[in-house]
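Please open the structure in your viewer and keep the selection tool at hand. The tour goes one stop at a time, telling you what to select and what you will find there.

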Amino acid sequence: MSTFGTTAAAPAAAGGWAIALRRCRAQRVGITSSAAASSSGRGATEGEEEEPPDEKRFGFGRRDALISSATACLSTGLGPEGWTAARASTELDAIALGDDGIPDYTVRGPYGVRRLPKLEHTCISCFPRCVGDACLVQIDAYVPSAPPPLPDTMFPLLGEDGVPLRPVAGPTRGALSEVSRGPYPLAVFTSGFLVDSEATASYCRRLCSWGYVVLGYNKRDGVGVAGGNALDDVVSAQMVDDLIGWARTDVLLAPLVRDGGAMDTADDADDDIVTAPAKGGVYLLGHSRGGKISVLQACGDERVRAACLLDPVDNTVYAPLGEGFPSAVAKMRNTKDGGPPLLVVGGKYGGDCAPKGSNYLSFLEQSNPKSWGLEVRAGHFQFLDSATLVQRAVCEENPGVADAQVREVSQALMVAHAETVFRGVPREAALRRTMKTLEQSWGDGAFDRVNAQVAPGQKSPELPWVLLRDGISSA
């Protein structure tokens, strides 16, 4: 077990230019957003853009400063040296990118998020294992909305020598202002048993803001469906398979979803994750039983290149091994390299809801050597946006850790992991940058105290989370 230490924070926004930037953000045009679609579950209509008021935005962003009335904004409150084009290019991009060129994945990405009206789809391939309404899936689709072209793209800024200034480039992705207009990788989020997809909507929004088409969905899962039969794990995995195929043919989503093709970058020729043959661009995510279902599909589907599991649960006494309920851990064991690389984030206080022998540790043990694993001091349902009273009563929680902290840690690693697989960002650098930023934001000094001298007989402080696997030393 290891953790990364703290690092120097990103360059602070100080001085008059920071004040001018804030004024520009308040006056920006063309990038409007609506808070009408909140985590309470009300979806935005087509064309509306989601931006929950409590989510952190992606840095300052050059577009925020330049799209609005740049001259009026930036001419106010600046020092004698003024705001030169070169200074804007270097300092603003330095806020978005770290010294190592890796973006800050703990905040929202550069894309707007549009939530389409709720869609419905019937899983034809699931028949006859499900019949009637049991095969119906209700889908919430989140699609990225790229910002309009920057003024310095349409009208290049010239340096003192008359040569157009180029954006500051990172080691793999280039400037963050150079965002893609699509197509994008596809992600499918599967919630746990009897957990509504709205309970994980913040994960879908966060991933979408970094340039992914994300599907959250609800199925008729319970004793009240046709025939009185709950959907088993085999049918549930088949629904994920069907959703992937449907998204690539749907009239709204097909133009936005990448259907195979080359990677964005291939900087590390020795990294088989980056240079792997095109298998489509699918990222599966799941919480609890949804994590198990994601693994069952990922291990048999070459289109899936990575998966993110949030406190996954395999077979338990409540869902014992049997027909229709295979073991996902066993399938990983029988799959080459344990399947695609995973991000496994487990709750230390899963209790009976995620018992030992069936929890995240079992998944991590059988996972691909290049997987990441993290243990947080949280209960099983503290990963959700809003757990019900029944869920909180049934499953153990840790009152010492806020649910928001659990989500922020999980979402930051979710994005970082996806970017290393789908866009070739160096894995070690992405993990190191993300962990350092999280330690600064949420560690509350615990990572410093644990390394300090502990008096005899005094208990060492418990860390908010522990990195179990970095996918590097074990690779």
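The stops below begin with the whole chain and then move through helices, cores and a few individual residues.

**The whole chain**

Before selecting anything, keep in mind that this is a predicted model. Show the chain as a cartoon and you will be looking at 475 residues, of which 55% count as buried, with a secondary structure that comes to 15 helices and 11 strands. Among the contacts in the chain with a separation of 6 or more, 78% are between residues 24 or more positions apart.

**Helices α13 and α14**

Select residues 403-422, which form helix α13, together with residues 427-442, which form helix α14, and you will see two helices that pack at an angle of about 165° with their axes 9 Å apart. An angle over 145 degrees counts as roughly antiparallel, and that is why α13 is described as roughly antiparallel to α14. Their crossing is right-handed. To see the contact itself, show the side chains of Ala-404, Gln-405, Glu-408, Val-409, Ala-412, Leu-413, Ala-416 and Thr-420 on α13, and then those of Arg-427, Ala-430, Leu-431, Thr-434, Met-435, Leu-438 and Trp-442 on α14. If you colour this contact by class, you should find 10 nonpolar, 3 polar and 2 charged residues.

**Helix α6, and its contact with α13**

Keep α13 on the screen and add residues 201-208, which make up helix α6; here 8 of the 8 residues are buried, so the helix is largely enclosed by the rest of the structure. Charged residues are part of this buried set, which includes Arg-205 and Arg-206 as well as Tyr-203 and Leu-207. How do α6 and α13 pack, and how far apart are their axes? The angle is about 40° and the axes are 10 Å apart, and the two helices are therefore oblique to each other. The crossing of α6 and α13 is right-handed. On the α6 side, select Ser-202, Tyr-203, Arg-206 and Leu-207, which meet Arg-407, Glu-408, Ser-410, Gln-411, Met-414, Val-415 and Ala-418 in α13. This contact divides into 5 nonpolar, 3 polar and 3 charged residues.

**Val-214, in strand β6**

Next, select Val-214, which lies in strand β6, residues 213-219. Is this residue buried or exposed? Val-214 counts as buried, because its relative accessibility is 1%, and the cut-off for buried is under 20%. Leaving out residues up to four places away in sequence, Val-214 touches Asp-140, Ala-141, Tyr-142, Ala-187, Cys-204, Leu-207 and Cys-208. If you look at C-alpha atoms, those of Val-214 and Ala-187 are separated by 4.6 Å, although the two residues are 27 residues apart along the chain.

**The nonpolar cores**

In soluble globular proteins, nonpolar side chains tend to be buried together. To look at this here, select Val-188, Leu-215, Leu-253 and Leu-284, which touch the most other members of the largest nonpolar core, a set of 47 residues. Helix α7, residues 233-247, gives the most to this core, with 8 residues. Now centre the view on Leu-284: beyond its neighbours within four places in sequence, its contacts include Val-188, Val-240, Ile-244, Ala-298 and Cys-308. Apart from this core lies another, of 44 residues, among them Val-113, Cys-208, Ala-416 and Ala-430.

**Helices α7 and α9**

Keep α7 selected and add helix α9, residues 289-298; the axes of the two helices come within 9 Å and cross at roughly 65°, and they are therefore roughly perpendicular to each other. The crossing is right-handed. Show Asp-233, Ser-236, Ala-237, Val-240 and Asp-241 on α7, and Arg-289, Lys-292, Ile-293, Leu-296 and Gln-297 on α9, to see where they make contact. By class, the contact of α7 with α9 has 4 nonpolar, 2 polar and 4 charged residues.

**Three places in loops**

Finish with the backbone of the loops. Pro-128 lies in the loop between β3 and β4, and a cis peptide bond, with omega about 5°, joins Phe-127 to Pro-128. Leu-194, in the loop between β5 and α6, has a positive phi near 60° although it is not glycine, and it is exposed, with a relative accessible area of 56%. Asp-337, in the loop between α10 and β9, also has a positive phi near 60°, but Asp-337 counts as partly exposed, at 45% relative accessibility.

How values were computed
Residues are numbered from 1 along each chain as its sequence is written. This is a predicted model: local features need pLDDT of at least 70, side-chain atom pairs count only at pLDDT 80 or more; totals for chains, interfaces and linings use all residues. Side-chain values use heavy atoms; hydrogens and water are left out. Axes are lines fitted to C-alpha atoms, for helices over the stretch in contact, and angles run from 0 to 180 degrees between N-to-C directions. Helices (H or I, at least four residues) and strands (E, at least two) are DSSP runs, numbered from the N terminus. Angles under 35 degrees count as roughly parallel, over 145 as roughly antiparallel, 65 to 115 as roughly perpendicular and the rest as oblique. A crossing is left-handed if the near helix is turned anticlockwise from the far one by less than a right angle, and right-handed if clockwise. Contact means heavy atoms within 4.5 Å. A nonpolar core is a set of buried Ala, Val, Leu, Ile, Met, Phe, Trp, Tyr and Cys residues joined through side-chain atoms within 4.5 Å. Buried means under 20% relative accessible area, exposed over 50%, partly exposed in between (1.4 Å probe, protein chains only).
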